[in-house]
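Welcome! Here is a short tour of one helix and a few unusual backbone spots. Please keep the sequence and the 3D view open as you read.

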Amino acid sequence: LFYSRRMANTSRLATLILLGALAVAGCRRPAPAPTAKRYPVKGKVVAVDVADRKITIDHQDIPGFMPAMTMPFVVLEKDQALLDAISPGDEITATLVTPDTRYWIEEIVVVRKGTPDPNATPRPQTREPQPGDVVPDVALVNQDGKAIRLADYRGKAVALTFIFTRCPLPDFCPLMMKNFAQAHATLVADSKLAVRTRLLAVSFDTQHDTPAVLRAHGKPFQKTTPPFAQWQLATGTDPAIRTLGNALGLDYEEETGSFTHNLRTAVIDPQGKLFRFYRGNDWTPADLVADLRSAAGTEP
């Protein structure tokens, strides 16, 4: 009898505790979800890249976000089909969404169709880079003013990306540098892998990004002593950069004080051939390290 009453009381107490906990939980408001900022965009379409889900817009001032300029915007996968109905010269409105360091546009509306320029030269179709392609051995100049070539990296796997130091878009060049920095930290922590791999960031802003500018820009990211032992920054002549960029699908055009460009990153094997090719920014530092490890092969 004592055991039965004790069990009953314990069961009653457990029920009260449970009801109390549910009541407290019911009274609490759920944590608010992060609120994305939204900005109206108006402008004229300059280029459409359906494969990359990007649309380049010569836009008016976006109050509270950026002044008028020409720049590419990404659209979400769910809106990719909209790009099929948009052409260069179209005047559009859209909404810029920035939940954090990312951004994209949505709610795209064509308010006026553009008139095709009868004198416009059709843009040549570029061949998609393929694994096994020989990467051009162009002459470059590194952050110390020293002449280098891609041939200098023979025998090592190289991750190469393109940047310019004045890039204001967090999902573009700054993200490439951030991703390379994380990959760099992983590589130098593995001494056997570090000696078989290298990183290279190439600037296409050949007038502004001098060796001194590149050194100042890259030094905070360095994890080796001396710095730049594994990860170099480089630039070169415009023909050299375009030769290298064209082979890897890079597209860039200079605007007033800036560039309109896409994102291209490559992993090159120890023989100077393309091992892996990344379009855009949908890759991670872990992806890059894994591909460098595979490209480098087993330790000799």
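Contact means heavy atoms within 4.5 Å. Helices (H or I, at least four residues) and strands (E, at least two) are DSSP runs, numbered from the N terminus. This is a predicted model, where local features need pLDDT of at least 70, side-chain atom pairs count only at pLDDT 80 or more, and totals for chains, interfaces and linings use all residues. Residues are numbered from 1 along each chain as its sequence is written, and side-chain values use heavy atoms, leaving out hydrogens and water.

Let's begin with helix α6, residues 285-296. Its twelve residues reach 16 Å from first C-alpha to last, close to the 16 Å expected at 1.5 Å a residue (the expected span is 1.5 Å times one less than the number of residues). Pro-285, Leu-288, Val-289, Asp-291, Leu-292, Ala-295 and Ala-296 of α6 are buried. They cover an arc of only 165 degrees around the axis, which puts them on the same side of α6; the arc is that of the directions from the helix axis to the C-beta atoms. Buried means under 20% relative accessible area, exposed over 50%, and partly exposed in between (1.4 Å probe, protein chains only). The cover over these buried residues includes β8 (157-163), α2 (173-188) and β9 (197-203). After α6 comes Gly-297, with a positive phi near 75 degrees.

Two residues that are not glycines also have a positive phi:

| Residue | Phi | Place | Relative accessibility |
|---|---|---|---|
| Glu-107 | about 55 degrees | strand β5 (residues 104-112) | 48%, partly exposed |
| Phe-228 | about 70 degrees | loop between α4 and β10 | 4%, buried |

Finally, look at Pro-226 in the loop between α4 (211-218) and β10 (231-235). The peptide bond from Thr-225 to Pro-226 is cis, with omega near 0 degrees.
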